[in-house]
Amino acid sequence: MTKKVVTLAHYYCQPEIQQMADKVGDSLELSLYAKECGADTIVFAGVRFMAETAKILNPNAEVILPDARSTCSLVTQTDVGALKAWREAHADHVHVSYINSSAEHKALSDWIVTSRNVDDIIAHLYAEGKKVIFSPDRNMGAYLNFQYDYGMPLWSAVCEVHDKFNQSALDEAFAAVVGAKYLIAHPESPLPVLQQADYVGSTSGMLNWVKSYAAEPDAVIFVATEDGILYNMGLARPDLDIRQAPIYAGCQCNSCPYMKMNTIEAVKRAQAGEGIRVDYLSAEQMEAARLPIERMLDFSKRYYQ
């Protein structure tokens with residue numbers, strides 16, 4: 001019997017990789033699809049924590065990562081032993097972790113969130129009278145604390161791409177534009193950038209903002225996130241002037257180097273059964289990590305469908 005092979009690609013992959021995929025999306029969309037697609041083999045053109053999440057949700061499926069080096073700075077900047085001690089020091093708090101985290105990290109969490117549902121899930125927990133600690137993304141947590149005055153203790157790791165967006169470079173770019181301009185930003189960006197933004201949201205949220213944009217037709221829309229999504233925005237609204245938000249002079253650091261490791265050749269090899277198999281997680285690790293992910297998915301089904 002022919003095995004069902006499904007290829008998933010994140011929006012931050014290059015356009016030619018997205019065109020090879022059965023499903024393109026953000027972290028939440030791909031998590032839901034991975035769980036429900038019924039694949040025998042999942043080729044995940046993304047980064048390692050995404051492939052691990054697919055394996056956790058589909059323990060019987062073969063999950064292949066095209067390039068073993070495709071990690072994430074939010075993972076590499078987090079020492080799991082220190083994280084465990086931090087969690088134990090806040091034993092009376094609910095530990096909410098961003099999905100951009102390793103399987104070991106997820107196993108130490110009570111809830112997993114994505115940039116699309118983090119506001120709603122943390123608001124839900126506070127409405128229940130819970131106290132929350134948030135990891136690993138310091139910028140995302142700082143924005144939530146600023147926006148809602150939560151005072152959550154935060155872990156201190158950052159996305160090395162989003163963290164390079166800065167207010168002074170944006171001020172210069174805005175000053176050079178005659179006429180209307182807007183900034184939309186991913187919450188992994190630094191707080192001063194997010195405070196300037198007209199919209200802060202997930203990758204899909206920003207894409208939907210662009211799709212539904214109906215204000216000044218000649219406005220410039222700056223996008224503070226990884227440059228891969230500009231391809232999808234351009235396809236959706238070729239009539240708009242959409243630009244990557246600047247970082248600082250001389251730096252071309254707005255591409256995630258790990259996402260770009262998903263080359264055509266690497267994805268083709270993975271589709272043929274070669275590549276890095278996510279077979280190194282123990283049953284105990286996967287079960288501990290699955291529970292907080294399932295809480296998120298159940299919440300998302302109730303509130304977003």
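Rings of Phe, Tyr and Trp (its six-membered ring) are taken to pair if their centres lie within 6.5 Å, with planes under 30 degrees apart counting as stacked, over 60 as edge-to-face and the rest as tilted. Tyr126, Tyr148 and Tyr150 form one aromatic cluster. The model is predicted, so local features need pLDDT of at least 70 and side-chain atom pairs count only at pLDDT 80 or more, while totals for chains, interfaces and linings use all residues. Residues are numbered from 1 along each chain as its sequence is written, and side-chain values use heavy atoms, with hydrogens and water left out.

Nine aromatic pairs turn up in a search of the whole structure. One of them, Trp111 with Phe299, is edge-to-face, at 6.1 Å centre to centre and 85° between the planes. Trp111 belongs to strand β6 (residues 111-113) and Phe299 to helix α14 (residues 283-304), so this pair ties together parts 188 residues apart in sequence. Here helices (H or I, at least four residues) and strands (E, at least two) are DSSP runs, numbered from the N terminus. Both Trp111 and Phe299 are buried, that is, under 20% relative accessible area (exposed is over 50%, partly exposed in between; 1.4 Å probe, protein chains only).

Turning to the interior, the largest nonpolar core has 81 residues, and Ile42, Val96, Phe134 and Met233 have the most contacts inside it. Such a core is a set of buried Ala, Val, Leu, Ile, Met, Phe, Trp, Tyr and Cys residues joined through side-chain atoms within 4.5 Å. Apart from the largest core lies another, of 16 residues, including Leu170 and Phe174.
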